[in-house]
Amino acid sequence: QVQLVESGGGLVQPGGSLRLSCAASENIANILRMAWFRQAPGKQRDMVADIFKTGATSYADSVKGRFTISRDTAKNTVYLTMGTLTPEDTAVYYCNAVLGTFPPTNYWGQGTQVTVSS
């Protein structure tokens with residue numbers, strides 16, 4: 001069982017920045033993949049960015065060049081640094097962890113609200 005706790009959400013003005021944190025109860029160096037998803041009201045949950053055990057990262061087209069996913073293995077924490085925020089980035093942001101079990105096991109955090117508004 002992996003517990004994930006997100007923090008750092010809040011209200012920010014358009015063009016502003018925010019950093020989300022996801023603290024894991026397990027050594028993230030052993031987790032196959034960690035990712036950030038987001039879900040806006042009435043929409044499906046979509047992946048924003050992910051980082052693999054190897055350190056490889058990928059991003060949704062809508063956030064490329066604006067968001068950065070990173071990790072601190074000493075703190076078992078994954079971050080999502082968000083810049084040049086727009087109202088379209090408003091959503092609940094969820095942290096996700098996938099263990100390399102067979103079949104793979106998914107864990108989710110409780111989510112943190114990000115609201116971009118003037």
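These notebook entries follow one disulfide and the sheet around one of its cysteines, in a model that is predicted.

**Entry 1, the disulfide.** I looked for disulfides and found that the structure holds 1. I then took its members, C22 and C95, and read a separation of 2.0 Å between their sulfur atoms. For the handedness I went to the torsion about the S-S bond, which is -80°, and I noted the link of C22 and C95 as left-handed. I placed both ends along the chain: C22 lies in strand 3 (residues 18–24) and C95 in strand 9 (residues 91–99), so that the pair, being 73 residues apart, links distant parts of the chain.

**Entry 2, burial.** I asked myself whether C22 is buried or exposed. C22 has a relative accessible area of 0% and is therefore buried, buried being under 20%. C95 is also entered as buried, because its relative accessibility is 1%.

**Entry 3, the sheet that holds strand 3.** I traced an open sheet of 4 strands, whose order is 1-3-8-7 and whose pairing is antiparallel. At its edges I found strand 1 (4–7) and strand 7 (67–72), each of which pairs on one side only. Going from one strand to the next, I noted a twist that averages 15°. In general, the strands of a sheet pair through backbone hydrogen bonds, in either a parallel or an antiparallel way.

**Entry 4, back to C22.** I looked last at the pairing of strand 3 with strand 8 (residues 77–82), which is antiparallel and runs over 6 bridges. Which residue of strand 8 is the bridge partner of C22? I found V78 in that position, while the disulfide joins C22 to C95.

Methods:
Residues numbered from 1 in each chain as written. Predicted model: local features only at pLDDT ≥ 70, side-chain atom pairs only at ≥ 80, totals over all residues. Heavy atoms only, no water. Disulfide = S-S within 2.5 Å. Helix = DSSP H or I, 4+ residues; strand = E, 2+ residues; numbered from the N terminus. Buried < 20%, exposed > 50% of the residue type's maximum accessible area, 1.4 Å probe, protein only. Pairing = 2+ DSSP bridges. Axes fitted to C-alpha atoms, helices over the stretch in contact; angles between N-to-C directions.
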